[in-house]
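The exercises that follow ask you to read a protein structure step by step. Try each task on your own before turning to its solution.

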Amino acid sequence: MNILLLLFLLIVQQTFAQGYLRNDSVTTHTSGITINEVSARSAIVDFNADGATSTTTDRDEYIEIVNNSNVPIDISGWILGDNNYNYTIPSGTVLGPGNALVVFTNGADVSNFDPGPGNIVLSVPTTSFALANTNDAVGLKNPYGLYIEVYWGTGTLNSTFTSGATLVGNRVQLSSWNEGQSQTRSPDYTGSWIQHPTIFSTVNWSRNNPTITLTNPKGSPGRYNNADVPLYVTIKQFFAKVSGNVVKLFIETATETNE
């Protein structure tokens, strides 16, 4: 077999095993739309920034979908499903390169949630779409009937979602859930699934700063899971000196802020 063809097949096999969903406008198998993070047990964390948490309705659970390509991708009409309900992503939903769509389930209020620069937030407008802490699944299907799936326990997607559809690669199994902790790819977009590491900082999830802040959250809807929160500084001096063929920059900071 041709070595280049063999290498191509190995790349395709590895990519599909990671749960990628290739879109026709994407030219390589290493880019496209994928499920990047899932939270099915986040009742103790106010991820949707509505000012409340609930141990019974779990309205803070979410699914993060990302575009790991260098082109915008229109995912209007794509279907997101679980074990008993299907949700059609509305018209006009276009993910830019590297951007995320955060879908909250169970009729969550997302009016105050800030998804992050360039990202999109949606809420499934029914309590019928609720992710069980045990034995459930999440699938994403494009208009061509191709889908990817993550599941935990003995969870399976509902039959109307899978009927006539084709699974891309393998079903990806997630581990059991910890209180308030999502599961995510690490590194984002391309890595294997792990329990989400704690972000050691205070993060503001709300549009109405500082209504909702989370200290060391165990989830990152719309954010990189390993990103540091930037530390803002005040510049006291900034100038350059030329010495021969070398330009030296001098920066002096005065204060550090947490704005």
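**Exercise 1.** In this predicted model, find how many salt bridges the structure holds, and state which residues form them.

*Solution.* Begin with the total, which is two salt bridges. In one of them Arg41 pairs with Glu179, and their closest N and O atoms are 2.9 Å apart. Next, place both residues along the chain: Arg41 sits in the loop between E1 and E2, while Glu179 sits in the loop between strand E12 (172–174) and E13, so this pair ties together parts that are 138 residues apart in sequence. Now turn to the salt bridge between Glu149 and Arg171, where the closest N and O atoms are 3.0 Å apart. This pair, too, links distant parts of the chain, since Glu149 belongs to strand E10 (residues 146–152) and Arg171 to the loop between strand E11 (166–167) and E12, 22 residues apart.

**Exercise 2.** Decide for Arg41, Glu179, Glu149 and Arg171 whether each is buried, partly exposed or exposed.

*Solution.* The step needs two cut-offs: a residue is buried under 20% relative accessible area and exposed over 50%, with partly exposed in between. Arg41 has a relative accessibility of 28% and therefore counts as partly exposed. Glu179, at 40%, is likewise partly exposed. Glu149 has 5% and so counts as buried, whereas its partner Arg171, with 33%, is partly exposed.

**Exercise 3.** Work out the order of the strands in the open sheet of six strands, and name its edge strands.

*Solution.* Following the pairing across the sheet gives the order E8-E7-E2-E1-E13-E14, and the pairing is mixed. The edge strands are E8 (120–123) and E14 (192–195), each of which pairs on one side only. From one strand to the next, the twist averages 30 degrees. Looking inside the sheet, strand E1 (residues 32–39) runs antiparallel to strand E2 (residues 62–68), and seven bridges join them; one residue pair to look for is Glu37 with its bridge partner Glu64 in E2. Strand E13 (residues 183–186) is also antiparallel to E14, here with four bridges, and Arg185 stands opposite Trp193 in E14. E13 and E14 form a hairpin with five residues between them, and in the turn Tyr189 has a positive phi of about 80 degrees.

**Exercise 4.** Describe the surroundings of Ser123 and of Asn216.

*Solution.* Start with Ser123, which lies in strand E8 and, because its relative accessibility is 19%, counts as buried. A polar atom of the Ser123 side chain lies 2.6 Å from the backbone oxygen of Ala108. Leaving aside residues up to four places away in sequence, Ser123 touches Tyr87, Phe104, Gly107, Ala108 and Val110. Asn216, by comparison, lies in the loop between strand E16 (213–215) and strand E17 (232–243), and its 31% relative accessibility makes it partly exposed. Its C-alpha atom is separated by 5.5 Å from that of Thr198, 18 residues apart along the chain. With the same sequence limit, Asn216 touches Thr198, Ile199, Phe200 and Ser201.

**Exercise 5.** Find where along the chain the prediction calls for caution, using the pLDDT.

*Solution.* Take the whole chain before its parts: the mean pLDDT is 83, and 77% of the residues reach 70 or more. Over residues 5–18, however, the pLDDT is below 50, and this stretch has 18 contacts in the model beyond near neighbours in sequence. Over residues 228–233 the pLDDT is also below 50, with eleven such contacts. Where pLDDT is low, the predicted coordinates should not be read in detail.

Methods. Residues are numbered from 1 along each chain as its sequence is written. Side-chain values use heavy atoms; hydrogens and water are left out. Two strands pair if DSSP finds at least two bridges between them. Helices (H or I, at least four residues) and strands (E, at least two) are DSSP runs, numbered from the N terminus. Axes are lines fitted to C-alpha atoms, for helices over the stretch in contact, and angles run from 0 to 180 degrees between N-to-C directions. pLDDT is the predictor's confidence in each residue, from 0 to 100. Contact means heavy atoms within 4.5 Å. Buried means under 20% relative accessible area, exposed over 50%, partly exposed in between (1.4 Å probe, protein chains only). A polar contact is a pair of N or O atoms within 3.5 Å; within protein, one must be able to donate a hydrogen and the other to accept it, and residues adjacent in sequence count only if both atoms are side-chain atoms. A salt bridge is a side-chain nitrogen of Lys or Arg within 4 Å of a carboxyl oxygen of Asp or Glu.
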